[in-house]
Amino acid sequence: MTEQQDRAQFTAMTEGTQQDWNIIGAHFRDFAKDLPGRVLTHLRLLEGDFGGFPVDRLEHSLQTATRAHRDGRDEPYVVMALLHDIGDTLGTFNHPEIGAAMLRPFVSEEIHWIANTHGVFQGYYFFHYLGMDRDLRENYRGHPHFEACAEFCEKYDQAAFDPAYDSAPLSFFAPMVGRVFARPVNSIYAKAA
């Protein structure tokens, strides 16, 4: 098959045919299989980025995930702990939402909410040093996942800056990322995968 035959032939979607969409669907499925690898590659961009913290952002992510894993959390939760700050490289002012958007198709509503909201909850530990209101998380008091997010930040996230902590390596988490990202549960494209 030539390269031209391996691509759709339309110039506008209104002209698309079943054959075009069969080609696109096959490419989509192949591309989706490589998602875990792309996620791990992007996570590695956090290595060496200290941002003034005692450990770099990759080590912080590994510590957070290792702590959650050692505490018996399930794989989707551990993967969320690993990826909760993956947006730091692209979303300086909204990193939680970026990580949460990546996770959303693959995790429960609660795990997505924790990832999406952890920045405000994590602020309890430092916002007052930046002239901000450390109690911003109280705006979410009463939400069904309030306590779960507060617990994530207390037990795993805020505690994960120890240069001497024995974190599991990224290779330990790679199979978990592969399994979680192999099964979309909250996506309009799940059927296409």
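**Entry 1: terms and model**

Before sorting any pocket lining by class, I note that Ala, Val, Leu, Ile, Met, Phe, Trp, Tyr, Cys and Pro count as nonpolar, that Asp, Glu, Lys and Arg count as charged, and that the others, Gly among them, count as polar. I also note that I am working from a predicted model.

**Entry 2: the second largest pocket**

I applied these classes to the lining of the second largest pocket, and I found 13 nonpolar, two polar and three charged residues there. The lining comprises 18 residues, and I looked up which of them lie nearest the centre of the pocket: they are Phe28, Ala32, Leu35, Phe106 and Pro184. As for secondary structure, α1 (18–33) and α2 (35–43) are the elements that give two or more residues to this lining, and α1 provides the largest share with five residues. For the volume of the second largest pocket I wrote down about 400 Å³.

**Entry 3: the largest pocket**

I then turned to the largest pocket, which holds about 850 Å³ of space and has a lining of 31 residues. Those nearest its centre are His95, Pro96, Gly119, Gln122 and Phe126. Which helices each supply at least two residues of this lining? I recorded α3 (57–70), α5 (95–103) and α6 (109–122), and I noted that α6 accounts for the largest share, with six residues. Sorted by class, the lining of the largest pocket consists of 13 nonpolar, 11 polar and seven charged residues.

**Entry 4: the chain as a whole**

I next asked how many helices and how many strands the secondary structure of the chain comes to. The count is eight helices and zero strands, and the pattern that I read along the sequence is accordingly written α-α-α-α-α-α-α-α. For the overall extent I took the C-alpha trace, which spans about 60 × 35 × 30 Å along its principal axes.

**Entry 5: burial, contacts and surface**

I looked up what part of the chain is buried, using the cut-off of under 20% relative accessible area, and found that 39% of the 193 residues count as buried. For contacts in the chain I considered those between residues at least 6 apart in sequence, and 64% of these join residues at least 24 apart. The accessible surface of the chain comes to about 11000 Å², and I noted that carbon and sulfur atoms hold 55% of that area.

Conventions. Residues numbered from 1 in each chain as written. Predicted model: local features only at pLDDT ≥ 70, side-chain atom pairs only at ≥ 80, totals over all residues. Heavy atoms only, no water. 1 Å grid on protein atoms, 1.4 Å probe; cavity = no way out; pocket = protein on both sides within 12 Å on 5 of 7 lines; lining within 4 Å. Points joined across faces, edges and corners; volume = space filled by probe spheres on them. Helix = DSSP H or I, 4+ residues; strand = E, 2+ residues; numbered from the N terminus. Buried < 20%, exposed > 50% of the residue type's maximum accessible area, 1.4 Å probe, protein only. Contact = heavy atoms within 4.5 Å. Areas by Shrake-Rupley, 256 points an atom, 1.4 Å probe, with all protein chains shown as cover.
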